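The following exchange asks on what grounds certain labels are given to parts of a model. Each reply sets a value against the criterion that applies to it.

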Amino acid sequence: VTGASFVVFNGALKTSSGFFAKSSIVEDGLMVQITPETMESLRQALREKKDFKITCGKTDTGDIKEYVDICWVENEEKANK
């Protein structure tokens, strides 16, 4: 589990790169590189307020270790308001 101040979704990852998606720490945030198809699915899920899971890692190995989960929650934290 990684906490981040911000998340950047970059939809320019090419299918030929050999990755499902790539995630990396950038300053105090998270950058997730995804394919244009995954970006469209993410946009649709956000519009519909549905949870979405992005699998990160190489497509040619069965050893997937990272996921980026976007989850909608019922309770809103009021600590930083």
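Q: Why is Lys50 called partly exposed?
A: In this predicted model, the relative accessible area of Lys50 is 47%. The intermediate class lies between the buried limit of under 20% and the exposed limit of over 50%, so Lys50 at 47% counts as partly exposed.

Q: What makes the contact of Glu48 and Lys50 a salt bridge?
A: The side chains of Glu48 and Lys50 meet at 3.3 Å, N to O. The criterion asks for a side-chain nitrogen of Lys or Arg within 4 Å of a carboxyl oxygen of Asp or Glu, and therefore the pair qualifies.

Q: How is Glu48 classed, and why?
A: Glu48 has a relative accessible area of 39%. Because partly exposed covers the range between the 20% and 50% limits, Glu48 is placed in that class.

Q: How do you know that Glu40 and Arg47 form a salt bridge?
A: Their side chains are 3.6 Å apart, N to O. With the cut-off set at 4 Å, the Glu40 and Arg47 pair is therefore accepted. A search of the whole structure finds two salt bridges.

Q: Why is Arg47 called exposed, and which class does Glu40 fall into?
A: Arg47 has 53% relative accessibility; exposed means over 50%, so Arg47 is exposed. Glu40, at 40% relative accessibility, counts as partly exposed.

Q: What makes strand 2 and strand 3 a pair?
A: Strand 2 and strand 3 (residues 29-33) are joined in the antiparallel sense over five bridges. Pairing requires at least two bridges, so the two strands meet the criterion. Val26 stands opposite Gly29 in strand 3. The two strands form a hairpin with two residues between them, and Glu27 in the turn has a positive phi of about 50°.

Q: Why do strand 2 and strand 4 count as paired?
A: Two bridges join strand 2 (residues 19-26) to strand 4 (residues 52-58). The requirement is at least two, and therefore the pairing is accepted. The strands run antiparallel, and the bridge partner of Ala21 in strand 4 is Gly57.

Q: What is the order of elements along the protein?
A: From the N terminus on, the order is β-β-β-α-β-β, made up of one helix and five strands.

Q: What share of the residues is buried?
A: Of the 81 residues in the protein, 20% are buried; a residue is called buried because its relative accessible area is under 20%.

Notes. Residues numbered from 1 in each chain as written. Predicted model: local features only at pLDDT ≥ 70, side-chain atom pairs only at ≥ 80, totals over all residues. Heavy atoms only, no water. Helix = DSSP H or I, 4+ residues; strand = E, 2+ residues; numbered from the N terminus. Buried < 20%, exposed > 50% of the residue type's maximum accessible area, 1.4 Å probe, protein only.
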